[in-house]
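Thanks for coming, everyone. I'll walk you through one protein today, part by part. Please bring it up on your screens.

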Amino acid sequence: MSSTQRKPEEDMAKEKLRKEETLEMRRRLIGQSCRLFYSNEPVKIVRARGQYLFDENGMRYLDCISNVHHVGHCHPSITKAAAAQMDQLNTNTRFLHDNIVLYADRLAATLPEKLCVFYFVNSGSEANDLALRLAQQYTQHEDVIVLDHAYHGHLMSLIDISPYKFRKLAGQKEWVHVAPLPDTYRGMYTENHPNPGQAYADTVKDLIEDVHKKGRKISAFFAESLPSVGGQILLPQGYSAKVAEYVRSAGGVFVADEVQTGFGRVGSHFWAFQLQGDDFCPDIVTMGKPMGNGHPLACVATTAEIAGAFTANGVEYFNTFGGNPVSCAIGLAVLDVMEQEDLRGNAIRVGAHLKALLTKLKTRHQIIGDVRGVGLFVGFELVKDKEQKTPATETAAWLVKRLKEEDQICVSTDGPWENVVKFKPPMCFSMEDAELVVCCIDRILKDMDAKDL
Ligand SMILES: Cc1ncc(COP(=O)(O)O)c(C=O)c1O
């Protein structure tokens with residue numbers, strides 16, 4: 001158990017009362033659809049540093065969840081850059097300012113040359129909503145293809161293209177088409193298929209033909225570069241280039257949602273779409289979460305042609321907060337810290353170690369059906385039996401609960417059956433953190449085996 005500077009008993013009793021009060025106020029004042037982690041026994045976090053969160057009693061938790069606090073919670077270089085710029089000026093993009101152009105220039109250097117025009121916004125949802133507008137304006141088509149189980153944001157336009165949400169709500173709109181998730185573990189084509197990338201891309205081709213038969217036209221194919229809500233899925237090689245070819249020949253564009261996966265999370269590349277090889281480049285890339293290390297900062301990158309079509313409608317694009325000098329100062333500082341601390345290198349080394357440890361664990365515990373991921377974007381899937389791959393949803397929830405209660409380790413689950421335990425921690429996650437987590441998982445799973453649960 002890891003705890004630091006715990007408070008005296010008397011103070012802890014006071015904190016307990018205060019926490020109960022906070023919980024009561026939260027229930028009364030905040031919409032109940034805004035859920036808490038560990039809803040039966042929520043954690044109150046009062047400060048954080050690096051990959052660690054501290055509760056009101058000084059108890060330390062290891063954060064394996066937050067891909068937002070990318071370079072580490074409350075990194076001093078980020079808070080310093082933010083405070084200095086806040087002290088100087090914070091206007092909007094209608095005034096000329098260095099920060100926005102310097103930042104766009106730095107982002108351009110990370111992307112293929114053709115993605116050279118940037119729109120700054122405040123959230124991943126805003127970025128995807130704008131991407132949808134850009135695609136529809138450029139192509140003059142309406143329909144969108146998305147991957148099954150995808151989530152692209154909380155705006156109405158994005159609920160419409162997020163099967164993960166719309167299946168629980170009003171259902172599928174006639175302009176939205178769902179392609180199978182290219183999951184080579186439990187999808188329609190697995191690793192045993194000679195070319196799963198081509199086979200899954202062909203499902204998109206078939207879908208486009210069906211759409212055309214209905215007299216409709218494709219504006220965009222939207223996909224996360226590594227589907228995360230779908231269960232930490234690695235797209236099979238060749239998939240994106242083939243899909244892009246089919247979508248473009250139908251007059252549509254390829255939108256890569258890098259809101260979770262961008263900014264070096266995969267280690268070997270700055271953008272996860274680059275894992276698909278040099279012959280693939282999306283037409284639009286959306287980014288968010290890690291960009292501002294917790295500050296609301298997001299962006300859309302696109303080509304000069306698509307941006308030109310958007311400009312040609314004659315309507316100004318104005319976003320009150322998007323791209324303001326403070327946001328851009330923070331964005332620049334995040335890029336600086338990533339380089340200074342070699343966080344991509346860390347993601348390669350620690351991610352590989354974590355994956356290797358989990359793979360070893362898989363040989364000891366029948367319940368681990370699959371271990372997958374790249375860099376610090378790793379997941380393992382729990383199954384009741386390896387043949388049928390029946391999702392072990394309850395065990396996954398139980399493991400998450402015990403890791404929090406017994407070891408103060410925060411992990412979460414994802415995937416259509418919530419049976420994929422996922423890791424996407426701050427990029428400063430260390431070798432020791434990886435070893436600790438795997439050791440604790442091993443202990444809990446052994447205990448479960450002993451009790452025959
Ligand atoms: C892949 C993906 N796209 C878009 C979004 C929406 O981002 P935001 O919550 O910043 O609006 C999310 C949020 O979880 C996401 O995971």
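**Around the ligand**

Let's begin with helix α4, residues 124-139: this helix gives the shell around the ligand its largest share, 3 residues. Keep in mind that we are looking at a predicted model.

How many residues surround the ligand? There are 14, and the closest are Ser123, Gly124, Ser125, Gly153 and Val259. Now sort that shell by class. Polar residues number 10, with 2 nonpolar and 2 charged.

**Two domains**

Step back to the whole chain. The protein splits into domain 1, covering 9-65 + 342-450, and domain 2, covering 76-340. Between their C-alpha centres there is a distance of 27 Å. The two domains also touch. On the domain 1 side, 22 residues make contact with 18 residues of domain 2.

Which elements of domain 1 supply at least two residues each to that side? They are α11 (343-364), β11 (368-374), β12 (377-382) and β15 (420-423). The largest share, 5 residues, belongs to α11. By class, this side of domain 1 holds 9 nonpolar, 8 charged and 5 polar residues.

**Helix α7**

Next, find α7, residues 196-213. The helix has 18 residues. From first C-alpha to last, α7 reaches 26 Å, close to the 26 Å expected at 1.5 Å a residue.

Which residues of α7 are buried? Start of the helix: Pro196, Gly197, Ala199, Tyr200 and Ala201 are among them. Further along, the buried residues include Val204, Leu207, Ile208 and Val211. And what do the buried residues of α7 pack against? Three strands, β5 (143-147), β6 (176-179) and β7 (218-224), plus the helix α8 (239-249).

Look just past the helix. Glycine 215 follows α7, and its phi is positive, near 75°.

**Strand β8**

Last stop: β8, residues 253-257. Is this strand mostly covered or mostly open? Mostly covered: 5 of its 5 residues are buried.

Now check which way the residues point. Val253, Val255 and Asp257 face one way from β8. Phe254 and Ala256 face the other way. Both sets are buried, and that includes the aspartate, Asp257.

What about a partner strand? β8 pairs with β7 in the parallel sense, over 5 bridges. For one of the residue pairs, pick phenylalanine 221: its bridge partner in β8 is phenylalanine 254. We met β7 a moment ago, as one of the elements that the buried residues of α7 pack against.

That's my tour. Over to you for questions.

Note on methods: Residues are numbered from 1 along each chain as its sequence is written. This is a predicted model: local features need pLDDT of at least 70, side-chain atom pairs count only at pLDDT 80 or more; totals for chains, interfaces and linings use all residues. Domain bounds come from an automatic or database domain assignment. Two residues are in contact if their C-beta atoms, placed from the backbone, lie within 7 Å. Helices (H or I, at least four residues) and strands (E, at least two) are DSSP runs, numbered from the N terminus. Ala, Val, Leu, Ile, Met, Phe, Trp, Tyr, Cys and Pro count as nonpolar, Asp, Glu, Lys and Arg as charged, and the others, Gly among them, as polar. A residue is near a molecule or strand if its C-beta atom, placed from the backbone, lies within 6 Å of it. The expected span of a helix is 1.5 Å times one less than its number of residues. A residue is buried if 20 or more other C-beta atoms lie within 10 Å of its own, exposed if 12 or fewer, and partly exposed in between; C-beta atoms are placed from the backbone. Two strands pair if DSSP finds at least two bridges between them.
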